[in-house]
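Here is a walk through one protein chain, written to be read with the model open beside you. Have a look at the picture first, then follow along.

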Amino acid sequence: MSSDQHDRPPDLSFLWPDDAAGPWVAEIDLAEIGGRSECVGLRIAWAGYPRPPEPLRTSDLRRLRLAEMIGRGRPGPGDLDVTSFVRHLRHNGELDVPEAPSPAPPSGPKGGRPPLYDDEYYDVVAEVYRRAFAAGLPPRKAVAEWFKASDSAASKWVAEARKRGALPPTERGVARADEKEQD
């Protein structure tokens, strides 16, 4: 690790496990990886007050809620839940897209059932997905919330958005919204 990385202040710093009394301070370093903030460093040390040092035991570390701590530093509205995130997008006009699906125009005599949604619809699915992913939220749930649809429908739409190239390919059960190859 270079000396400038040691000298730089942490991205998050707060008393732990009690926000008011500590007795330790937790410092978290974040970096953007794959389009979202990820933890790349964690330090826990005695805060120096309000009482003498206490040993940091393994039982204390088992109570550590790292995901919750990192969530404090991830961008996003309010308390980082999907419903308030979607409400924030709508209220602030950050996404100028339709909420209800628009039927796809007929596409010639192919036979079979015509597609229900067009490329523009799947671009909206992808944009909601990307924004939720970047905010550290479950992206499929955000798509379901945005379109007021079931989780199953949202999963199918995300899969179709990937198939059409609006989202990058991924492995089953792994959220991904960046265009880079994963290691």
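Let's start with Asp-29, which sits in strand S2 (residues 22-33). Helices (H or I, at least four residues) and strands (E, at least two) are DSSP runs here, numbered from the N terminus. Keep in mind that this is a predicted model, where local features need pLDDT of at least 70, side-chain atom pairs count only at pLDDT 80 or more, and totals for chains, interfaces and linings use all residues. Residues are numbered from 1 along each chain as its sequence is written, and side-chain values use heavy atoms, with hydrogens and water left out.

Is Asp-29 buried or exposed? Asp-29 has a relative accessible area of 11%, so it counts as buried (under 20% relative accessible area is buried, over 50% exposed, and in between partly exposed, with a 1.4 Å probe and protein chains only). Its side chain makes a polar contact with the side chain of Arg-43, at 2.8 Å. A polar contact is a pair of N or O atoms within 3.5 Å; within protein, one must be able to donate a hydrogen and the other to accept it, and residues adjacent in sequence count only if both atoms are side-chain atoms.

**The whole chain**

Stepping back, the protein chain has seven helices and three strands, and along the sequence they follow the pattern α-β-β-β-α-α-α-α-α-α. Of its 183 residues, 32% count as buried. Among contacts (heavy atoms within 4.5 Å) with a separation of 6 or more, 48% come from residues 24 or more positions apart.

**Helices H5, H6 and H7**

Now for the helices. H5 covers residues 119-134, and its end C-alpha atoms are 22 Å apart, which agrees with the 22 Å that its 16 residues should span at 1.5 Å a residue. H7 behaves well too: 13 residues should span 18 Å, and the end C-alpha atoms are 18 Å apart. The expected span is 1.5 Å times one less than the number of residues.

Plenty of H5 is tucked away: Tyr-121, Tyr-122, Val-124, Val-125, Ala-126, Val-128, Tyr-129, Ala-132 and Phe-133 are buried. In H6 the buried residues are Pro-139, Ala-142, Val-143, Ala-144, Trp-146 and Phe-147. In H7 they are Ala-153, Ala-154, Trp-157, Val-158, Ala-161 and Arg-162, and these pack against H5 and H6. As background, an α-helix has 3.6 residues a turn, so residues three or four places apart point the same way.

How do these helices meet? Two packed helices are described by the angle between their axes and the distance between the axes. Axes are lines fitted to C-alpha atoms, for helices over the stretch in contact, and angles run from 0 to 180 degrees between N-to-C directions.

| Pair | Angle | Axis distance |
|---|---|---|
| H5 and H6 | about 130° | 8 Å |
| H5 and H7 | about 105° | 9 Å |
| H6 and H7 | roughly 110° | within 8 Å |

H5 and H7 are thus roughly perpendicular, with Tyr-121, Tyr-122, Val-125 and Tyr-129 of H5 touching Trp-157, Val-158, Glu-160, Ala-161 and Arg-162 of H7. H6 and H7 are roughly perpendicular as well, while H5 and H6 are oblique to each other. For the cut-offs, angles under 35 degrees count as roughly parallel, over 145 as roughly antiparallel, 65 to 115 as roughly perpendicular and the rest as oblique.

Between H5 and H6, the contact includes Val-128, Ala-132 and Phe-133 of H5, and Pro-139, Val-143 and Trp-146 of H6. Between H6 and H7, Arg-140, Lys-141, Val-143, Ala-144 and Phe-147 meet Asp-151, Ala-154, Ser-155, Trp-157 and Val-158.

**After the helices, and across the chain**

Look just past each helix for a positive phi. Gly-136 follows H5 with about 80°, Lys-148 follows H6 with a value near 50°, and Gly-165 follows H7 with about 90°.

Gly-136 also turns up beside strand S3 (residues 36-46), home of Glu-38: the two C-alpha atoms are separated by 9.0 Å, although the residues are 98 apart along the chain. Glu-38 is partly exposed, with a relative accessible area of 26%.

Finally, Lys-163 of H7 is exposed at 68% relative accessibility. Its C-alpha lies 9.9 Å from that of Tyr-122, 41 residues away in sequence.
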